[in-house]
Amino acid sequence: MWRNPQNSVHVEVRHCGTGMCGTVVWANEKAIADAGRGGTEKLIGLQLFRDFVQDRKGVWHGRVFVPGPW
């Protein structure tokens, strides 16, 4: 389980293919509202992390989707 620094979004991280992916399993009301204002209608269940692979100990690379009103 990964949590953002504000503890407003919880992401379950699992193996997918040859890498790791992360899906939102919980978000507070503010995070859900912020994502909605940014055009993301459904935050819970959204895959935020994709194709993460470890290059070396402690260093990961992949794609991240950041929903919100930016």
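R14 sits in strand β2 and stands opposite C21 in β3. Strands here are DSSP runs of E with at least two residues, helices are runs of H or I with at least four residues, and both are numbered from the N terminus. The model is a predicted one, so local features need pLDDT of at least 70 and side-chain atom pairs count only at pLDDT 80 or more, while totals for chains, interfaces and linings use all residues. Residues are numbered from 1 along each chain as its sequence is written, and side-chain values use heavy atoms, with hydrogens and water left out.

Back to the strands. β2 (residues 9-16) and β3 (residues 19-27) pair in the antiparallel sense, with eight bridges between them; two strands count as a pair if DSSP finds at least two bridges between them. Another facing couple in this pair is E12, which stands opposite T23 in β3. The hairpin of β2 and β3 has two residues between the strands, and G17 takes a positive phi near 65° there.

C21 also turns up in a disulfide, and its partner is C16. In general, a disulfide is a covalent bond between the sulfur atoms of two cysteines. The cut-off used to call one is a pair of cysteine sulfur atoms within 2.5 Å, and in this case the sulfur atoms of C16 and C21 are 1.8 Å apart. The link is right-handed, with 70° about the S-S bond. A search of the whole structure finds one disulfide. As for how covered the two cysteines are, C21 is buried, with a relative accessible area of 9%, whereas C16 counts as partly exposed at 26% relative accessibility. Buried means under 20% relative accessible area, exposed means over 50%, and partly exposed is in between, with a 1.4 Å probe and protein chains only.

Zooming out, the protein has one helix and five strands, and along the sequence they follow the pattern β-β-β-α-β-β. The strands make an open sheet with the order β1-β2-β3-β4-β5 and antiparallel pairing. β1 (2-3) and β5 stand at the edges with a single partner strand each, so one side of each is left without a neighbour in the sheet.

The β1 edge joins β2 through two bridges, and these strands run antiparallel. In this pairing, W2 has V11 in β2 as its bridge partner, and R3 has H10 in β2. The hairpin of β1 and β2 has five residues between the strands, and N7 takes a positive phi near 55° in it. Further along the sheet, β3 and β4 run antiparallel and are joined by three bridges. Here G22 has F49 in β4 as its bridge partner.

What about the parts outside the strands? T40 lies in the loop between α1 (29-37) and β4 (47-56). T40 is buried, with a relative accessible area of 11%. Leaving aside neighbours within four places in sequence, T40 is in contact (heavy atoms within 4.5 Å) with A35, L46, F65 and P67. V66, on the other hand, is placed in the segment after β5 (59-64), and V66 counts as exposed at 52% relative accessibility. V66 and N7 are 59 residues apart in sequence, and their C-alpha atoms are 15 Å apart in space.

Some overall numbers round things off. The C-alpha atoms fill a box of roughly 35 × 20 × 20 Å, taken along the principal axes. Of the 70 residues in the protein, 30% are buried. Among contacts with a separation of 6 or more, residues 24 or more positions apart account for 32%. The protein exposes about 5100 Å², and carbon and sulfur atoms supply 53% of that area; accessible areas come from the Shrake-Rupley method with a 1.4 Å probe, and for residues only the protein chains shown count as cover.

Finally, the charges: there are 9 positive and 6 negative side chains, and the centres of the two sets lie 5 Å apart. Lys and Arg count as positive and Asp and Glu as negative, while His and the chain ends are not counted. The place of a charge is taken as NZ of Lys, CZ of Arg, CG of Asp or CD of Glu.
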